[in-house]
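Please look through the sequence and the model below, and keep both at hand while reading. The paragraphs that follow go from the overall make-up to a sheet, a helix pair and two backbone details.

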Amino acid sequence: MAVNLVNVENVSKVYGTRALLDGVSLGVSEGDRIGVVGRNGDGKTTLIRMLAKLEDADTGRITHSGGLRLGVLTQHDSLDPAATVRHEVIRDLADHEWAGNAKIRDVLTGLFGGLDLPGFPQGLDTVIGPLSGGERRRIALAKLLIEEQDLIVLDEPTNHLDVEGIAWLAQHLRERRSALVCVTHDRWFLDQVCSRMWDVQRGDVHEYEGGYSDYVFARAERERIAATEEAKRQNLVRKELAWLRRGAPARTSKPRFRVEAANELIKDVPPPRDSSELMKFASSRLGKTVFDLEDVTVQAGPKVLLKHVTWQLGPGDRIGLVGVNGAGKTSLLRAMAEAARTQGENQPAGGRIAVGKTVKLAYLSQEVAELDPNWRVLEAVQQVRERVDLGKGREMTAGQLCETFGFNKEKQWTPVGDLSGGERRRLQILRLLMDEPNVLFLDEPTNDLDIETLTQLEDLLDGWPGSMIVISHDRFFVERTTDRVFALLGDATLRMLPRGIDEYLERRHRMEEAVAAAATPAAPKAVPEKSAADQRAAKKELQKIERQLDKISEKETKLHTQIADNATDFEKVAKLDAELRELAGEREELELRWLELAEDA
């Protein structure tokens, strides 16, 4: 029987006139992997701080088992600014001691990319004081993971980690014996790591078995049975459930309830996006040209980030952009945005970016734009526009859009200066969409947003007719909102990944293995180099294949629609299904050929 590590008995916590937690009773046992979700401000962080005895409850009792070894990662570290990374993370261990410890090597490599901490000016001997908040946070996480604990409590551990770092952390936590309680908005991470969920809502905590996907299913079923009055929230949950059941079946590997119940919930829910219709609408708004990059080179100061990139963002394209930190993702967006701002006058270091005449770009950068702190929330939105056309006949007033983004009628009169970082981020996205752009650049849009706001943003983007590029370390958001993934692998090139982020991680792993092999002395081999003509030919064929893959996607979408329309005509459905299988075979052949050519190019 699992040993109980922490007991929370009838705990309440009040801030001002608001009860964050009201009579909550919970427990954490050995082997538990618990994810904590809920809206910003509903008490997630307060709950885990009380769980770790960093904050006192107003009423009730919290008890720890005797001798509990507890590790906590809060949103604000307690590192000594005068100390070095070496002193904080590995203490006074001699080099041969820590380098011979497999766990320390794994943590340093997983969080920093190598034992010598590449990217830190003096490696392990770098002084902590001048480092950025993200770098300090990785150091605090490394310090925690190197130690042995019975229970680890983590508050937003994936913040400031890239896709590879998040994948490594998920695997590391799965392999640890420690129990885990984790607050995070990263839904992919919750699915990978957690076996139970706590949903903090209006002073109460609801418990669910399974990871995030199972939680979505169970919560939708619970809300259906309870017939809650929150129809809007229920519809969003059901829409996400439909996507999980239809678009990502691999996520449902740990279902805790009947699959039939999930299918019953979504039988009348349409697919998240009608890609063909959106593509037609986007073409009518944008014309044929959106952004055409021809032989483009992008630099940051003297450093060349991208070389000889030829690429096209077409009408209705929804692109996810991933890559190692510093590879040039943000720099590429900035170069394209600058060309759009100056109508093609300001060009990158090399090559040319052509911008469509009808392009109206909205660029969400990582920095939260400064707004007048005395403005009210509604006023800040109305400064842009009173009403917004969301396409497909949908129109919203400024007030309605505010409510969609979690600003209720009372909150709409809050001064901007009183908003939290996450609320300001929400307001920034809201103002961008209110301006009715037809091209969106979103650079880390999920920063500081809670899961409910993310699902609302995804729902809004589902019907948004335009071209979009998303840079994000949130795999769930990228997979949910985009149709194709491109990657910057750190070799100054831009590549399409037919299999998405999984393929990106595989390629990065192979690159790291190749670097390690190159560092090992070996007999030199003569490797024939591809000629410039061969490379040009390969690039041309790559672009042709990408166009063919796009056409296949459009055909598949039409066939799915026809199958749905003729569901009772079994003969016609069988014929359409055969066409679908034939297209899938074509797609597989093209993707294999694409992978072969990518190496030559």
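Helices and strands are here DSSP runs, numbered from the N terminus, with at least four residues for a helix and at least two for a strand. In that numbering, Arg202 is found in the loop between strand E8 (196-201) and strand E9 (204-209), a place to which the text returns further on.

The model is predicted, and in it the protein has 20 helices and 20 strands. Of its 601 residues, 50% count as buried. Where contacts with a separation of 6 or more are considered, residues 24 or more positions apart account for 70% of them.

One part to trace is an open sheet of 6 strands, which follow one another in the order E14-E17-E18-E12-E19-E20 with mixed pairing. Strand E14 (361-364) and strand E20 (494-497) stand at the edges, and each has a single partner strand, so that one side of each is left without a neighbour in the sheet. On average, and with direction ignored, neighbouring strands are turned by 20 degrees against each other.

Within this sheet, strand E17 can be followed residue by residue. E17 (residues 439-443) pairs in the parallel sense with strand E18 (residues 467-471) over 5 bridges, and it also pairs in the parallel sense with E14, over 4 bridges. On the E18 side, Leu442 stands opposite Val470, while the bridge partner of Asp443 is Ile471; towards E14, Leu440 of E17 stands opposite Ala362. Val439, Phe441 and Asp443 point one way from E17, whereas Leu440 and Leu442 point the other way, and all are buried. Because 5 of the 5 residues of E17 are buried, the strand is largely enclosed by the rest of the structure.

Helices also lie on this sheet. Helix H12 (residues 329-341) lies across strand E12 (318-323), E14, E17, E18 and strand E19 (484-488), and runs at about 150 degrees to E14. Helix H15 (residues 421-434) packs on the sheet as well, touching E14 and E17, and its direction makes about 175 degrees with that of E14.

Elsewhere in the chain, a pair of helices deserves a look. Two packed helices are described by the angle between their axes and the distance between the axes. For helix H4 (residues 102-112) and helix H5 (residues 133-146), the axes come within 10 Å and cross at roughly 160 degrees. Angles over 145 degrees count as roughly antiparallel, and H4 and H5 are therefore roughly antiparallel to each other. Their crossing is right-handed. H4 contributes Lys103, Ile104, Val107, Leu111 and Phe112 to the contact, and H5 contributes Arg138, Ile139, Leu141, Ala142, Leu145 and Ile146. By character, the residues of this contact divide into 9 nonpolar, no polar and 2 charged.

The last stop is the backbone. Most residues other than glycine have a negative phi. Which value does phi take in Arg202? Arg202 has a positive phi of about 45 degrees although it is not a glycine; this residue, in the loop between E8 and E9, is exposed, with a relative accessible area of 54%. Asp295 likewise has a positive phi, near 55 degrees, in a residue other than glycine. The place of Asp295, however, is in strand E10 (residues 291-300), and at 36% relative accessibility Asp295 counts as partly exposed.

Key
Residues numbered from 1 in each chain as written. Predicted model: local features only at pLDDT ≥ 70, side-chain atom pairs only at ≥ 80, totals over all residues. Heavy atoms only, no water. Axes fitted to C-alpha atoms, helices over the stretch in contact; angles between N-to-C directions. Parallel < 35°, antiparallel > 145°, perpendicular 65-115°, else oblique. Left-handed = near helix turned anticlockwise from the far one by under 90°. Contact = heavy atoms within 4.5 Å. Nonpolar A, V, L, I, M, F, W, Y, C, P; charged D, E, K, R; others polar. Pairing = 2+ DSSP bridges. Buried < 20%, exposed > 50% of the residue type's maximum accessible area, 1.4 Å probe, protein only.
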